[in-house]
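Here is my note on the model you sent, set out as numbered points. Please read it with the structure open beside you.

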Amino acid sequence: EEASPPTVALDAQQYFVGSMLLPYAERLEESEEKMVELPYALYDAQTELIEEIVTGSGGAVAGDGTTAVLGGVQINTPAGYFDYYLPLSFKLYNSNGELVGDLMPPSVKRPFSKIASTFPGALTNVELVDLVAKTLDNKGYDREKTQVATSLCCDEVNRPLETDLSGTFNKNFNMGGLAGFPFGGKTSFGAMAAHIPDGGSCLVVYGPHVGVDSTGKVGTVERRGRANGGSCCGSAVAAAGYVGSVFNGDAEEASPPTAALDAQQYFVGSMLLPYAERLEESEEKMVELPYALYDAQTELIEEIVTGSGGAVAGDGTTAVLGGVQINTPAGYFDYYLPLSFKLYNSNGELVGDLMPPSVKRPFSKIASTFPGALTNVELVDLVAKTLDNKGYDREKTQVATSLCCDEV
């Protein structure tokens, strides 16, 4: 039988959870996966109550203040993984409690499930920037006085990471060329160091990139406005073909360039040559390729930083983040797999390892069960930017949550 309304407070909340879920009983019983359907039914029940509260009490918000209401499903995961939130609605009410706008973006970028199995440990750009910023905050970096220098491939698919970094720090200095090698060399590092604000430090982010298309194929990605995808990274794939031919005896080593016309590609190939056997013997050449390029680039980056660190003034330091950029199809987050994060002093001496002992990682099982779910970091970034565009002042925004009291 249906339970009677409570007459004491002892367990009143649980009674109302059950009574508000009762209208959804048939839907739950007929669902294929009851535990998957349950949070959606609870969301619908809670939405009715939240709307009744906001429309009936909106007048409590003073002046021209508004109420933004984000609704969805929280998804808890095992220790060591990101928790998630599936946004299902995002509405704006005026101070009369009247609905005045829909804040849900027309398309929300979503996690790309094929990344976790191919490049385990990869973070979305948003997660990466959050991790880097908090790590450097703990080392006393002042974001306003931090000069970012990137050494990423000139392919246009790599610019979003620079944009995300600039949003937290400042405009980046570009040291990179084809395949992500720091072809700007010691000269570019010295020039960048001269741009560091007084009393500040610098952050260098480098690495090759690799595409993963919608089928999960590595080494290619769909590109804007093109019916067919293409190599990604094109320079890296071409260099891998060259070193394979040399290793197998089908081609001679190229001579050093005498003109600048295609000098960068020559050096991509020559610096990849020591890794030819490793690539040829790998089970998946296109997966191994960015790791080999990372190793080659790390040698060059370390030579630049240790040899030119003195260009950083005073007590300034150089934080160097290295890894692999991972490009995905339109509509999905891009990723970065951090492989090293080191700290050098102004003499170019290695003084610390900044890689956290354990980096939370995406939980691959979420994408198939709750498609569209975002990690908490991604969600907060989306909400903040959406409200910024609506004129919200973060310092004058009061947050109210209606989430389960469970400590997770």
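1. Strand β2, residues 84-93 of this predicted model, is mostly covered, since eight of its 10 residues are buried. Strand β1 (residues 67-75) runs antiparallel to β2, and the two are joined over nine bridges; within that pairing, Leu 70 has Phe 90 of β2 as its bridge partner.

2. The pairing of β2 does not end with β1, for strand β3 (residues 99-102) is also antiparallel to β2, over three bridges, and there Leu 92 stands opposite Gly 101. The hairpin of β2 and β3 has five residues between the strands, and in this hairpin Gly 97 takes a positive phi near 80 degrees. A further antiparallel partner of β2 is strand β14 (residues 374-375), which pairs with β2 over two bridges; here Tyr 85 stands opposite Leu 374.

3. Which elements supply at least two residues each to the largest nonpolar core? That core has 39 residues, and those with the most contacts inside it are Ile 115, Phe 119, Phe 189 and Ile 326. The elements that each give at least two residues to this core are β2, α7 (185-193), β7 (201-206), α11, β11 (318-327), β12 and α13 (376-389), and the largest share, five residues, comes from α11. In soluble globular proteins, nonpolar side chains tend to be buried together.

4. Ile 326 deserves its own paragraph. Once its neighbours within four places in sequence are left aside, Ile 326 is in contact with Ile 115, Phe 119, Ala 122, Val 210, Val 212, Asp 334, Tyr 335 and Leu 337. Apart from the largest core lies another one, of 29 residues, which includes Phe 82, Tyr 141, Leu 152 and Ala 319.

5. On internal space, rolling a probe the size of a water molecule over the atoms shows where empty space is left. The count comes to three cavities of 30 Å³ or more, and the largest of them holds about 50 Å³ of space. Its lining is made of His 209, Val 210, Gly 219, Cys 232, Cys 233, Ala 236, Val 237, Met 286, Leu 289, Pro 290 and Leu 293, with β8 (209-211), α8 (234-247) and α11 (285-308) as the elements that give two or more residues. The largest share of this lining, four residues, comes from α11. By class, the lining of the largest cavity has nine nonpolar and two polar residues, and no charged residues.

6. The second largest cavity has a volume of about 40 Å³, and the residues that line it are Tyr 206, Thr 298, Ile 301, Glu 302, Val 320, Ser 340, Lys 342 and Tyr 344. Both α11 and β12 (335-344) supply at least two residues of this lining. How do the lining residues of the second largest cavity divide by class, and how many are charged? Four are nonpolar, two are polar and two are charged.

7. Helix α9 (residues 263-272) has Ala 263, Gln 265, Tyr 266, Val 268, Gly 269 and Leu 272 buried. The buried residues of α9 pack against α8, α10 (276-280) and α11. For reading such a list of positions, it helps to recall that an α-helix has 3.6 residues a turn, so residues three or four places apart point the same way.

8. Is Asn 347 buried or exposed? Asn 347 is found in the loop between β12 and β13 (350-353), and it counts as exposed because its relative accessibility is 54%, where the cut-off for exposed is over 50%. With its neighbours within four places in sequence left aside, Asn 347 is in contact with Thr 306 and Gly 310. The C-alpha atoms of Asn 347 and Asn 228 are separated by 49 Å, the two residues being 119 residues apart along the chain.

9. Leu 49 has its place in helix α3 (residues 34-57). Leu 49 is classed as partly exposed because its relative accessible area is 37%, and the partly exposed class lies between the cut-offs of under 20% for buried and over 50% for exposed. From C-alpha to C-alpha, Leu 49 and Val 305 are 58 Å apart in space, and they are 256 residues apart in sequence.

Definitions and conventions: Residues are numbered from 1 along each chain as its sequence is written. This is a predicted model: local features need pLDDT of at least 70, side-chain atom pairs count only at pLDDT 80 or more; totals for chains, interfaces and linings use all residues. Side-chain values use heavy atoms; hydrogens and water are left out. On a 1 Å grid over the protein atoms alone, a cavity is a set of points where a 1.4 Å probe fits but cannot get out, and a pocket is an open set with protein on both sides within 12 Å along at least five of seven lines; lining residues have an atom within 4 Å of a point. Grid points are joined across faces, edges and corners, and a volume is the space filled by probe spheres set on the points. Ala, Val, Leu, Ile, Met, Phe, Trp, Tyr, Cys and Pro count as nonpolar, Asp, Glu, Lys and Arg as charged, and the others, Gly among them, as polar. Buried means under 20% relative accessible area, exposed over 50%, partly exposed in between (1.4 Å probe, protein chains only). Two strands pair if DSSP finds at least two bridges between them. Contact means heavy atoms within 4.5 Å. A nonpolar core is a set of buried Ala, Val, Leu, Ile, Met, Phe, Trp, Tyr and Cys residues joined through side-chain atoms within 4.5 Å.
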